[in-house]
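Biologist: I am new to this structure and would like a close look at one part of it. Could you take me through the largest pocket and what lines it?

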Amino acid sequence: MAAALARIEIVHADITTLEVDVIVNAANSRLIPGGGVDGAINKAAGPELGKAMMAIGRCPAGEAVITPGFKLKAKHVIHTVAPVYAQHREQDVWRLLANCYRNALALAVAHDAQSIAFPSLGTGVYGIPITRASAVAIDEGAKHAHAARVIFCCFSESDASIYRAELDRRNG
Ligand code: ADP
C-alpha cells in the first residue's frame with residue numbers, strides 16, 4: 001500500500017485567521033510573548049496564551065512545545081524557536097531550522113492534528129535568508145509521512161512566491 005503523504009499548501013494569509021488544528025508560533029527561547037508573528041498570535045489568542053507560554057518558561061532553538069489555542073480557531077499552538085541567523089555557524093542554522101519543523105510536526109502528530117500551519121520561521125527579525133529557509137521548510141514538510149495538511153502561511157505575496165517556486169522546483 002502506498003504511504004499516505006502530507007499535502008503541502010502555500011497560502012498568503014494572517015496565520016491567526018486559519019481554521020486548522022495547529023498553528024505554529026515563531027517564539028523566543030524564553031517563551032516571553034514578543035513581536036512579529038508571536039505578537040499577532042498572542043493578541044488573537046488572548047492573555048491566557050502568554051501565561052501558558054511563561055508557565056513552560058523555556059524552549060531552546062530547534063525544540064518545540066505545545067499549548068492550547070485559547071481564543072484562536074486553532075485547537076493548539078506549537079511554539080518553536082528558530083536560530084538567530086547571526087548567532088550560529090551557517091551549518092548549525094540549517095540543522096536547527098530543520099529541527100524546528102521536524103519537532104513541531106512530531107508534536108502535532110502526537111496530538112492527532114490533521115492540519116498544521118507554519119509561518120516562515122526565522123526569516124523575520126531572526127534574519128535567516130528566506131530562499132534557503134523555504135527549501136528547508138518544504139523538505140521537512142515533504143518528509144512528513146502522515147496524511148495531514150501542512151500549510152506554509154506567508155505574510156506577504158513575495159514570500160509566498162518564493163515558497164511556491166521552491167515547491168514547483170521540487171515537483172518538476
Ligand atoms: P522570527 O523571529 O522567527 O524571524 P518573525 O515573527 O520576526 O519571526 O517573522 C517570521 C515570519 O512571520 C516573517 O516572514 C513575518 O513576515 C511573518 N509574520 C508576521 N506576522 C504574521 C502573521 N500574522 N501571520 C503569518 N506570518 C506572519
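Modeller: Happy to; here is a walk through the pocket and its lining. This is a predicted model, in which local features need pLDDT of at least 70 and side-chain atom pairs count only at pLDDT 80 or more, while totals for chains, interfaces and linings use all residues. Residues are numbered from 1 along each chain as its sequence is written, and side-chain values use heavy atoms, leaving out hydrogens and water.

A pocket here is an open set of points on a 1 Å grid over the protein atoms alone, where a 1.4 Å probe fits, with protein on both sides within 12 Å along at least five of seven lines. The largest one has a volume of about 610 Å³, counted as the space filled by probe spheres set on the points. Its lining, meaning residues with an atom within 4 Å of a point, comes to 25 residues. Nearest the centre lie A26, G35, G36, V37 and D38.

Two elements give two or more residues to this lining: α1 (36-45) and β6 (149-154). Helices (H or I, at least four residues) and strands (E, at least two) are DSSP runs, numbered from the N terminus. Of the elements, α1 gives the most, with four residues.

As for character, the lining divides into 13 nonpolar, nine polar and three charged residues. Ala, Val, Leu, Ile, Met, Phe, Trp, Tyr, Cys and Pro count as nonpolar, Asp, Glu, Lys and Arg as charged, and the others, Gly among them, as polar.

Strand β6 also turns up elsewhere: along with β1 (7-12), α3 (90-110) and α5 (157-171), β6 is among what covers the buried residues (under 20% relative accessible area, 1.4 Å probe, protein chains only) of α4. Those buried residues include I130, A133 and V136.

Terms used:
Buried < 20%, exposed > 50% of the residue type's maximum accessible area, 1.4 Å probe, protein only. Contact = heavy atoms within 4.5 Å.
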